[in-house]
Amino acid sequence: MKKKLISLICCLTLVILPAASFTGCKSDAQSDDTLIVLNYGKYIEADVLKQFEKDTGIKVKYEEYESVEDMYAKYKAGSINYDVICTSDYMIETLRNEGELIPIDYNSLEYYKNIDPEIIEASEAFDPNHKYTVPYFFGTVGILYNTKMVDEETVSSWNCLWDENYKNRVVMINSQRDAFMVPLKMKGYDINTRDKNELDEAFDMLCSQKGVAYAYLMDETYECMISEDAAMAVCYSGEAAMGMEYNENLAYTVPKEGGNLWIDSWFVPRTCKHYDAAMKWIDYMCQEDAATQNFEYVWYATPNLTVAQNEDEETLADETVFPTKETLERCDLFKAYDDETLDYTSELWKKLKAY
Amino acid sequence: MNNKMRTSFLAWPYALWVLICTIFPLFYILGYAITNDAGKLTFANLIVIADPVHLKSLWLSVQVAFITTVICLVMAYPVALILHNLKIRNKSFIVFLFILPMWMNFMLRILAWQNILSNNGILNNILSAVGLPTVHILYTKYAVILGMVYDFLPYMILPIYNALSKISDDVIEAASDLGANWWTTFTKVTLPLSKDGIISGIIMVFVPSLSSFVVSNLLGGGKVLLIGNVIEQEFTSARDWNTGSGLSIILMVFVLLSMGIMNKVDDSENGGMLL
Amino acid sequence: MTRLKKCTSRLYLGFIFLFLYAPILVLIVLSFNNSMSRTVWGGFTLQWYANLPTNDTIMTALGTTLRITLSSSILATILGTSAAIGIHRMKKRHAAIMLGATNIPLLNADIVTGISLMLLFTRFTSLGEFSVILAHIAFSVPYVIFNVLPRLQSMSDVCYEAALDLGATPVYAFYKVIWPEIVPGVLSGFLMALTMSLDDFTITYFTKGAGVNTLSTMLYTELRKGIQPELYALSTLLFLVAFAMLFIINYKGNDSKKEVTN
């Protein structure tokens with residue numbers, strides 16, 4: 001009986017598995033008028049997406065991810081053939097080094113001229129000669145603080161994050177690169193350092209900071225600040241702008257030691273099956289209307305020059321949204337780590353979390 | 001015996017299913033666990049558990065899972081007992097009230113706990129209104145335990161309640177007829193007869209709390225690193241599927257070992273069956 | 001004495017219910033909160049309920065969730081019930097092997113199950129809504145089996161065999177003798193499968209294809225920039241519907257039970 005059962009199962013497996021893989025191959029073929037987009041969560045105005053589908057007749061399969069690392073994991077899993085992806089600077093560099101990018105045909109982009117040449121120039125840090133990317137949004141990392149609990153003087157240096165007076169009132173950023181950036185900047189080291197001694201030093205400082213930290217957060221930072229659960233938080237400028245909308249006591253600053261400037265850009269990965277549609281998508285994102293709508297939804301600094309014409313003075317003068325020249329000079333872009341440094345910092349990050 | 005053979009064919013589709021969707025994927029994981037990036041055979045991914053960070057988080061996970069299980073058991077048994085003894089007609093209705101919360105998305109419910117437990121949260125507002133000192137509980141290991149107890153309590157209540165409802169009233173009556181008081185009846189009759197339920201309850205709570213990572217992500221504020229978080233990070237941010245698979249295999253072995261111990265305690269013929 | 005006992009037990013039940021329902025109360029309150037933030041009270045509003053039907057992303061996710069949940073739990077119940085009956089009739093050694101294999105999804109970390117299934121699906125088929133349904137069946141079948149099997153084990157074979165001896169066909173005997181005994185198990189197994197599927201995030205996250213979003217996975221990406229308050233409204237509605245359904249089922253169930261007991 002047992003033998004019969006086993007042999008039956010084996011036979012069935014032999015029949016079904018190839019059949020399943022065969023049907024799998026068939027369903028892989030996709031029609032030309034679809035586009036698979038991968039973007040950060042809530043990084044586009046829903047109406048822009050709808051309008052794009054209406055205007056171009058292209059059906060968009062829109063996927064979202066939470067963190068840069070999630071994006072990489074999703075992409076590398078290879079289970080979905082993405083056509084166009086938006087992600088941050090150093091991850092684009094990593095993917096470029098791995099040969100995962102396809103050059104963009106800038107000539108086919110009618111509205112690419114709307115993009116600020118300065119940001120394009122800054123993008124050269126991760127996309128030399130600018131072949132693969134079109135900037136989407138940019139911003140800084142700094143401190144969002146509650147003016148009722150903390151004065152401006154205190155937050156002028158990253159030192160305040162170690163202040164025992166604010167024990168359990170400080171939110172640290174829950175992102176490996178950004179968290180290490182803080183002590184590295186304080187010590188005056190390069191934020192892209194590969195020197196293990198410098199990284200170790202930064203690690204020790206972060207360990208001592210853990211005792212003061214209320215939590216390591218990313219997404220919930222602004223909620224935490226609005227409700228005044230915490231006095232200050234390391235966060236992205238967009239999160240800060242969002243928090244300030246709800247609570248007038250909040251303010252944002254990039255400490256004097258400087259911070260991180262990041263640029264999120266569109267690129268076309270090797271898995272792209274609908275190149276023309278992808279170009280249409282990127283071009284659409286550069287259009288004045290779409291860019292303005294997206295800006296008013298996302299609230300990060302836009303590299304699109306036409307948007308400025310539609311915004312009032314007050315918005316344009318908002319230093320949280322649009323970092324000043326001086327602030328930008330203090331900020332550096334992340335560069336991709338080599339494998340060894342990546343492993344080493346990941347190990348340190350894990351140690352910090354378990355500390 | 002003859003008809004035994006006849007209906008066992010009903011399990012064949014399932015046997016096939018198990019083979020494809022359970023056993024086969026496990027070999028995938030095992031394959032990753034015993035190879036490195038280059039596909040060479042190695043045991044490094046299994047030995048990596050000896051890394052102090054991993055041992056520490058495994059130990060923390062065991063502690064958290066253990067405390068969660070004990071609290072759940074202590075909270076759930078009286079509930080099951082009370083429900084069982086309830087002299088009202090719509091008992092099943094009350095039982096479903098315990099499952100009903102699960103119909104609201106689990107992540108939303110855990111987020112709601114953030115609102116309750118945070119520094120300026122509902123709980124602290126109530127405490128200070130009553131004049132009691134406020135507590136700092138959100139983003140500590142206690143918040144994680146609370147979240148897990150909250151999440152897994154129904155898994156403890158239901159099997160125990162099921163086991164209790166299988167005990168026939170005659171047995172209880174017989175015990176009291178023979179002069180046993182409430183306590184003796186409970187320890188000598190009710191408790192031993194509900195042992196199956198307790199054991200499956202323990203398993204149903206202990207196992208998921210050992211490997212959970214979402215609760216600790218949301219209520220631990222990134223300060224509580226459980227083994228589930230380590231595995232999740234290996235698969236996502238660290239992009240090291242080999243190490244992640246190795247640790248998963250270790251976790252599986254760990255779970256199986258504790259099951260083995262539980263089964264030693266459990267001498268019933270249903271050994272090896274959960275729920 | 002008994003009164004005191006009754007009082008304390010009522011009190012205790014009340015405490016447990018408060019514990020289980022406190023977050024739900026919070027969410028219901030949030031669904032009327034006129035603010036995009038979940039930590040500030042911006043006044044009472046019904047706008048999230050009003051916006052709900054026109055919010056495409058949420059309605060699509062709801063549709064996907066319902067399709068996945070219903071089809072996976074129905075299929076899992078059919079597969080699991082027949083498996084339980086088959087396993088019950090198996091030789092002890094075979095049954096032990098089958099049960100051991102059935103335990104695997106319960107014992108494995110969700111993330112391991114999710115990733116291993118993703119590896120399987122990407123190899124042999126493509127990811128989409130269908131792969132999520134398969135994955136959901138995979139992790140919910142054990143719940144059905146373990147709800148049905150005890151029912152089978154606790155009933156004696158005598159009745160079934162007697163029915164056969166008296167000339168009933170196996171199918172008829174099954175329908176008349178075994179089925180009524182296991183129905184509660186099948187139902188609770190189905191309900192558990194339904195609940196697990198509705199509540200799952202991890203496995204769905206790894207096995208879903210592009211553009212497929214259930215409420216859980218949508219929520220996860222929403223965490224980044226704040227949750228659309230419409231989601232609180234939707235959850236409240238879903239919860240109330242489930243509550244109402246339970247109430248009705250219970251009410252009807254009571255009527256028929258009364259007849260039996262009288």
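Two exercises with worked solutions follow, and both concern a predicted model.

**Exercise 1. The two domains of chain A**

Find which residues make up domain 1 and domain 2 of chain A, and then describe the side of domain 1 of chain A that touches domain 2 of chain A.

*Solution.* Begin with the domain assignment, which places residues 34–138 together with 262–321 in domain 1 of chain A, and residues 139–260 together with 333–354 in domain 2. Next take the centres of these two domains over C-alpha atoms, which are 26 Å apart. Then turn to the contact, to which domain 1 of chain A contributes 18 residues while domain 2 of chain A contributes 14 residues. On the side of domain 1 that touches domain 2, at least two residues come from each of α4 (89–97) and β5 (133–146) of chain A, and α4(A) gives the most, with five residues. Finally, sort the residues of this side of domain 1 by kind, and you obtain twelve nonpolar, four polar and two charged.

**Exercise 2. The fold of chain B**

Work out how many helices and how many strands chain B has, and what share of its residues is buried.

*Solution.* First count the secondary structure elements of chain B, which come to 14 helices and zero strands, so that reading along the sequence you meet one α after another in the pattern α-α-α-α-α-α-α-α-α-α-α-α-α-α. Next consider the extent of the C-alpha trace of chain B, which is about 70 × 70 × 30 Å along its principal axes. For burial, take the 275 residues of chain B, of which 50% are buried. As a last step, look at the contacts in chain B with a separation of 6 or more, and note that 72% of them join residues 24 or more positions apart.

Key:
Residues numbered from 1 in each chain as written. Chains lettered and ligands numbered in written order. Predicted model: local features only at pLDDT ≥ 70, side-chain atom pairs only at ≥ 80, totals over all residues. Domains from an automatic or database assignment. Contact = placed C-beta atoms within 7 Å. Helix = DSSP H or I, 4+ residues; strand = E, 2+ residues; numbered from the N terminus. Nonpolar A, V, L, I, M, F, W, Y, C, P; charged D, E, K, R; others polar. Buried ≥ 20, exposed ≤ 12 C-beta atoms within 10 Å, placed from the backbone.
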